[in-house]
Amino acid sequence: MVLLVALLMGFRSDAGPTAWPAAAGILLLFTVASTWLAVIPGLTAKSVDGASAFSYPLIFLPFLSSAFVPTDTMPGPLRAFAEHRPVTSIVNAIRDLFGPLARPRLVRRRPGRRALLRHGLPPPQDRP
């Protein structure tokens, strides 16, 4: 579902036919590993609440990685921490598989004619 929404939103990749199964394999291995990390405390917990409380740190792992923001834009201590997280390595490996088109970048919308006129700027056809 995520892939379908991404394609509808304009995600394009110059990845070859082997990169897609490789990325799926990496994601599958990460899912299995994180599931087993949650199984161990789940089996040893004395209550359901105690078992579910362990999953909260796993949910926040992607936020402390390069999944949303490149690590070179982070402040020093956070950058050092994020560069040594397993999620950063996984995200970077998948981005490398999908090529330069999969790199995060800002999408800028061109202002409309009315907004340009309101700010005293010439419309697009009048610009040099």
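Two residues count as in contact here when they have heavy atoms within 4.5 Å of each other. By that yardstick, and leaving aside its neighbours within four places in sequence, Thr88 is in contact with Leu64, Ser65, Ser66, Thr71, Ala82 and Glu83. This is a predicted model, and its chain comes to seven helices and zero strands. Much of what follows centres on helix α6, where Thr88 has its place.

**The chain as a whole**

- Reading from the N terminus, you meet α-α-α-α-α-α-α and that's the run of elements.
- Of the 128 residues in the chain, buried ones make up 16%.
- Take the contacts between residues at least 6 apart in sequence: 48% of them join residues at least 24 apart.

**Helix α1, out in the open**

- Helix α1 covers residues 2-9, and the number of its eight residues that are buried is zero, so it lies largely in the open.
- Right behind α1 comes Gly10, with a positive phi near 115°.

**Helix α6, with one buried face**

- Does the length of α6 add up, and what should it be? Helix α6 has 13 residues (86-98), which at 1.5 Å a residue should span 18 Å; the end C-alpha atoms are 19 Å apart, so the two agree.- The buried residues in α6 are Val87, Thr88, Ile90, Val91, Ile94, Arg95 and Phe98.
- Looking down the axis of α6, those buried residues fall within an arc of 165°, so they line one face of the helix.
- As general background, an α-helix has 3.6 residues a turn, so residues three or four places apart point the same way.
- What do the buried residues of α6 pack against? They pack against α2 (19-44) and α5 (76-83).
- Just past the end of α6, Gly99 takes a positive phi of about 85°.

**How α2 and α6 meet**

- The axes of α2 and α6 come within 9 Å and cross at roughly 170°.
- Angles over 145 degrees count as roughly antiparallel, and α2 and α6 are therefore roughly antiparallel to each other.
- On the α2 side, the contact is made by Ala19, Trp20, Ala22, Ala23, Ile26, Leu27 and Phe30.
- On the α6 side, the residues making this contact are Val87, Ile90, Ala93, Ile94, Leu97 and Phe98.
- Ala19 touches Leu97 and Phe98, not counting residues up to four places away in sequence.

**The nonpolar core**

- Which residues form the largest nonpolar core? There are six of them: Ala15, Ala19, Ala23, Ile90, Ile94 and Phe98.
- Helices α2 and α6 each supply at least two residues of this core.
- The largest share, three residues, comes from α6.

**Thr88 and the loop between α4 and α5**

- Thr88 is buried, because its relative accessible area is 4% and the cut-off for buried is under 20%.
- Ser65 is found in the loop between α4 and α5, and with a relative accessibility of 2% it counts as buried.
- Setting aside neighbours within four places in sequence, Ser65 is in contact with Met74, Ala82, Val87 and Thr88.
- Ser65 and Arg79 are 14 residues apart along the chain, and their C-alpha atoms are separated by 8.6 Å.
- Leu61 is found in that loop too, between α4 (55-59) and α5.
- Is Leu61 buried or exposed? Leu61 is buried, with a relative accessible area of 16%.
- Not counting residues up to four places away in sequence, Leu61 touches Arg85 and Val87.
- From Leu61 to Thr88 is 27 residues in sequence, and C-alpha to C-alpha they are 9.1 Å apart in space.

**Leu37, a partly exposed spot on α2**

- Leu37 is found in helix α2, and at 47% relative accessibility it counts as partly exposed.
- Residues up to four places away in sequence aside, Leu37 touches Phe54 and Leu58.
- The C-alpha atoms of Leu37 and Ser55 are separated by 8.9 Å, with the two residues 18 apart along the chain.

How values were computed:
Residues numbered from 1 in each chain as written. Predicted model: local features only at pLDDT ≥ 70, side-chain atom pairs only at ≥ 80, totals over all residues. Heavy atoms only, no water. Helix = DSSP H or I, 4+ residues; strand = E, 2+ residues; numbered from the N terminus. Expected span 1.5 Å × (residues − 1). Buried < 20%, exposed > 50% of the residue type's maximum accessible area, 1.4 Å probe, protein only. Arc of directions from axis to C-beta. Core = buried A, V, L, I, M, F, W, Y, C linked by side-chain atoms within 4.5 Å. Axes fitted to C-alpha atoms, helices over the stretch in contact; angles between N-to-C directions. Parallel < 35°, antiparallel > 145°, perpendicular 65-115°, else oblique.
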